[in-house]
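Good morning, colleagues. Please have the sequence and the model open while I speak.

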Amino acid sequence: MTAVSRTIKQIIEPQFVIEGADVLLRRSFGPSRANLFDPFLLFDHFAFNNPIEGPIVGFPTHPHRGIETVTYMLEGNVRHRDSLGNVGVIGPGDVQWMTSGRGIMHEEMPRRGPTGLINGFQLWVNLPAAQKMGRPRYQEVKESSIPAVDKDGARVRVVAGEYGGTSGPVTEIAARPLYMDVTLESGAQASFPTAGGHTVVAYVFEGSGRFGINGETPGESVEAVRLAVFEEGDFVSVQAGPGSGVRFMLMAGAPFRETIFPYGPFVMNTQEEIQQALTDLRNGTFVQSEPESLTES
Ligand code: MN
């Protein structure tokens, strides 16, 4: 059997949306009952770099239940604090993989970096029904602890999953994700093995590249800023375009194939479970911050 390069199924142009307190985002997709990108629920790009947009207010305290939120910054930073007492700054090249489980309340405040720019992403990953009411968990990884593989004109920062024998620091995620920041010099080629049956997307945010190269088949060009969605296959192949090359986030994950019911910052499986989340919020029982040692037996 010959390994098959994944061809492009769809190219999505992100739409500008306003979220939180007047934060302008480029949204490629958001949570929907159709669950078209299972296990991924949302992909947003923070890139509000026009000075006339004024000060950035951010995302004041809000809850999450039933999902994971993944923040990866390139420029600028996000200050965050949460109901479990965590406080920190997600800086350039850092990642925060937050598993909300049954509930957290947090605030996320993006700030411009020294260049005056902000560039970063937030991905939402679903949790399977059996883990939606689990304990919240954070994996925070600093820039210096995310390995980069340099090979044949490609630089691949591996956040989760494996590339060229190097594994990313974020582990034990239900969706078994691959999450990588890929930069290719002009004309360079690379290919990325992806598990059969997994959902695979690539968010091209700089330059352009041809994806889905297969023998004599030249593939299809994707220019920044676009999200490419791939067909079934064994690997993603790419060749950087002319000029400045290409940079993209490559994401893959195992679909859960469960019915979902999204509502704002919650994604559960049924409307009743959403109702319960709202009831818990109202009753002050949404967050349970018991120490880990007391809940494990
Ligand atoms: Mn949030």
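I shall go through the metal site, the sheets, the cores and the aromatic pairs in turn. Please bear in mind throughout that this is a predicted model.

Let me begin with the metal. Which residues coordinate the manganese ion? Three histidines do so through their NE2 atoms, namely His62, His64 and His106, and Glu108 joins them through OE. The distances run from 2.2 to 2.3 Å. Along the sequence, the spacing of these donor residues reads H-x1-H-x41-H-x1-E. Two of the donors, His62 and His64, are buried.

I turn next to the open sheet. Its seven strands follow the order 2-3-4-11-6-9-12, and their pairing is antiparallel. Which strands form its edges? They are strand 2, residues 15–19, and strand 12, residues 137–141, and each of them pairs on one side only. On average, and with direction ignored, neighbouring strands in this sheet are turned by 20 degrees against each other. Within the sheet, six bridges connect strand 4 with strand 11 in the antiparallel sense. As an example of the register, Leu42 has Trp124 of strand 11 as its bridge partner.

Now to strand 17, which covers residues 178–184. Of its seven residues, six are buried, and the strand is thus mostly covered. Strand 17 runs antiparallel to strand 14, with six bridges between them. There, Ala154 is matched with Leu184 of strand 17. Strand 17 is also joined to strand 23, again antiparallel, by seven bridges. In that pairing, Met180 has Leu250 of strand 23 as its partner.

One residue of strand 17 that I should like to single out is Val182. Is Val182 buried or exposed? Its relative accessibility is 0%, and therefore Val182 counts as buried. Setting aside neighbours within four places in sequence, Val182 is in contact with Arg155, Val156, Phe192, Val246, Arg247, Phe248 and Leu250. As for Gly243, its C-alpha atom is 16 Å from that of Val182, with the two positions 61 residues apart in sequence.

Strand 19 has several pairing partners to describe. Ten of its 13 residues are buried, so strand 19 is largely enclosed by the rest of the structure. With strand 23 it pairs in the antiparallel sense over eight bridges, and here Tyr203 stands opposite Met249. Strand 21 is joined to strand 19 by four bridges, also antiparallel, and the partner of Tyr203 in strand 21 is Leu227. Strand 20, residues 220–223, likewise runs antiparallel to strand 19 and shares four bridges with it; Phe211 stands opposite Glu220 there. Finally, strand 22, residues 235–240, is linked to strand 19 by three antiparallel bridges, with Gly209 matched to Ala240.

What do the side chains form inside? The largest nonpolar core has 30 residues. Which residues have the most contacts within this core? They are Tyr72, Phe121, Tyr179, Tyr203 and Met251. Several strands each supply at least two residues of this core, among them strand 4 (40–46), strand 6 (67–75), strand 11 (119–126), strand 19 and strand 23. Phe121 illustrates the packing: leaving aside neighbours within four places in sequence, its contacts include Phe43, Phe46, Val70, Tyr72, Leu74, Tyr179, Tyr203, Phe205 and Met249. Another core lies apart from the largest one and has 27 residues, including Val158, Ala188, Val200 and Val246.

I come last to the aromatic pairs. A search of the whole structure finds 13 of them. One is the pair of Phe211 and Phe248, which is edge-to-face, with 5.2 Å from centre to centre and 75 degrees between the planes. Why does this pair tie together separate parts of the sequence? Phe211 lies in strand 19 (residues 199–211) and Phe248 in strand 23 (residues 246–253), so the pair connects parts that are 37 residues apart in sequence. Phe211 counts as buried because its relative accessibility is 1%, and Phe248 counts as buried because its value is 0%. Both rings also belong to a cluster, in which ring pairs link Tyr163, Phe192, Phe211, Phe230 and Phe248.

That concludes my presentation, and I thank you for your attention.

Note on methods
Residues are numbered from 1 along each chain as its sequence is written. This is a predicted model: local features need pLDDT of at least 70, side-chain atom pairs count only at pLDDT 80 or more; totals for chains, interfaces and linings use all residues. Side-chain values use heavy atoms; hydrogens and water are left out. Donors are N, O and S atoms within 2.8 Å of the metal (3.2 Å for Na, K and Ca); water is not among the atoms, so sites may look incomplete. Buried means under 20% relative accessible area, exposed over 50%, partly exposed in between (1.4 Å probe, protein chains only). Rings of Phe, Tyr and Trp (its six-membered ring) pair if their centres lie within 6.5 Å; planes under 30 degrees apart count as stacked, over 60 as edge-to-face and the rest as tilted. A nonpolar core is a set of buried Ala, Val, Leu, Ile, Met, Phe, Trp, Tyr and Cys residues joined through side-chain atoms within 4.5 Å. Contact means heavy atoms within 4.5 Å. Two strands pair if DSSP finds at least two bridges between them. Axes are lines fitted to C-alpha atoms, for helices over the stretch in contact, and angles run from 0 to 180 degrees between N-to-C directions.
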